[in-house]
Amino acid sequence: MKAIRIHTYGDVDALSFEDAPLPEPGPSDIRVRVHAAAVNPVDWKIRAGYLAELIPHHMPLILGWDVSGVVERVGADVTQFAVGDAVYSRPDIARDGSYAEYIVMAASEVARKPATLSHNEAAAVPLAGLTAWQALFGDAKLVSGERVLIHAGAGGVGSFAIQFAKWAGAHVIATASAGNEALVRSLGADEFVDYRSQRFEDVLDQVDVVFDTIGSDTQARSVSLLGPGGRLVSVVETPDAQALAAKGATGTFLRLMPDSTGLERIAELIDTGVVRVLIDSVFPLSECRAAHLKSQTGRSKGKIVLEVVAPETA
Ligand SMILES: NC(=O)c1ccc[n+]([C@@H]2O[C@H](COP(=O)([O-])OP(=O)(O)OC[C@H]3O[C@@H](n4cnc5c(N)ncnc54)[C@H](OP(=O)(O)O)[C@@H]3O)[C@@H](O)[C@H]2O)c1
């Protein structure tokens, strides 16, 4: 099969579009014909070797941990899926990924694809959607009526987080650059702060929850907005427990885990029209280098997709 692999850590030139062996499913796995994958910042962080100590990968490695496709083969112990089912997943990041014509995944990490979405749209959901879901409702335990500050509201994770928080009945405040205000408000933000022209901690009242997708100075300045009982969840950097404790608040670092139940809930929200998927751009699999360069700018609006099967032939 065709795949994008790396043989060594490096810049975009390490990405090689080449032939790779067809992966064989184990008893609890399924093999999926990949129709679309998505690019996430973790992909180029792994490609560059930034996470080499955290996640021990074999080489050559197929990148990409978002997938939408069709079940093509099931392991002997798999009962919940059959050949021909349309599915989506954020599979185990320690295994080969989805920048390929086929991927093998544990069936327990997979859910049925949202019926109302194309494969390109569905591939944009799992990693970013689950991150927002687990951060808001797992770590932060956000409930109706609370005030939540979501950083990078126009990004892949932030665009889902705004919609989930709004659906949960929270008062949603989002940061982005000025050109993205209308977009972020259309997703459900009640308040908007242009992080380039304003210091958010100077213009906002206290919040119950901060969702930090930026880290460093942004995370540090966010702590001042929390009070007793406040929660900060970061997906980029371990929060400063001492600084939070001084405000009576707590913090966690989220490391995303595969979650088929979360994917089923998100699919329901999509298919009932509560949540929409924001696509920044679509690249053919063979143009993965351009897709990585785009993601590395940190300026994408929603998700970057890699199309593996063109929709008219799907
Ligand atoms: N721990 C985990 O398991 C986990 C899971 C998922 C993601 N992550 C991490 O979370 C981060 C965000 O991921 P993502 O997929 O959402 O990234 P992304 O889609 O690439 O984010 C791009 C967005 O960031 C915004 N942005 C950049 N700097 C900003 C700032 N200082 N303040 C507010 N917004 C800013 C940009 O908005 P403007 O164009 O308006 O500036 C752009 O819309 C990445 O570092 C990723 O690796 C971690």
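Into which domains is the chain divided? There is domain 1 (2–125 + 277–313) and there is domain 2 (129–253). The model is predicted. Both domains give residues to the shell around the ligand, so the shell lies between them.

**Domain arrangement**
- The centres of domain 1 and domain 2, taken over C-alpha atoms, are 28 Å apart.
- Contact between the domains involves eight residues of domain 1 and eight residues of domain 2.
- On the domain 1 side that touches domain 2, two residues are nonpolar, three are polar and three are charged.

**Ligand shell**
- The ligand has 30 residues around it.
- Gly155, Gly156, Val157, Ser177 and Leu256 come nearest.
- By class, the shell holds 13 nonpolar, 14 polar and three charged residues.
- Four elements each supply at least two shell residues: helix H1 (41–47), helix H3 (126–139), helix H4 (156–167) and strand S10 (171–176).
- H4 gives the largest share, with three residues.

**A β-α-β unit**
- Strand S15 (residues 279–284) pairs with strand S16 (residues 303–307).
- The pairing is parallel and runs over five bridges.
- Ser281 has Ile304 of S16 as its bridge partner.
- Helix H10 (residues 288–296) joins S15 and S16 in making a β-α-β unit.
- The unit of S15, H10 and S16 is right-handed.

Key
Residues are numbered from 1 along each chain as its sequence is written. This is a predicted model: local features need pLDDT of at least 70, side-chain atom pairs count only at pLDDT 80 or more; totals for chains, interfaces and linings use all residues. A residue is near a molecule or strand if its C-beta atom, placed from the backbone, lies within 6 Å of it. Ala, Val, Leu, Ile, Met, Phe, Trp, Tyr, Cys and Pro count as nonpolar, Asp, Glu, Lys and Arg as charged, and the others, Gly among them, as polar. Domain bounds come from an automatic or database domain assignment. Two strands pair if DSSP finds at least two bridges between them. A crossover is right-handed if, with the strands pointing away from the viewer, the path from the first strand over the helix to the second runs clockwise. Two residues are in contact if their C-beta atoms, placed from the backbone, lie within 7 Å.
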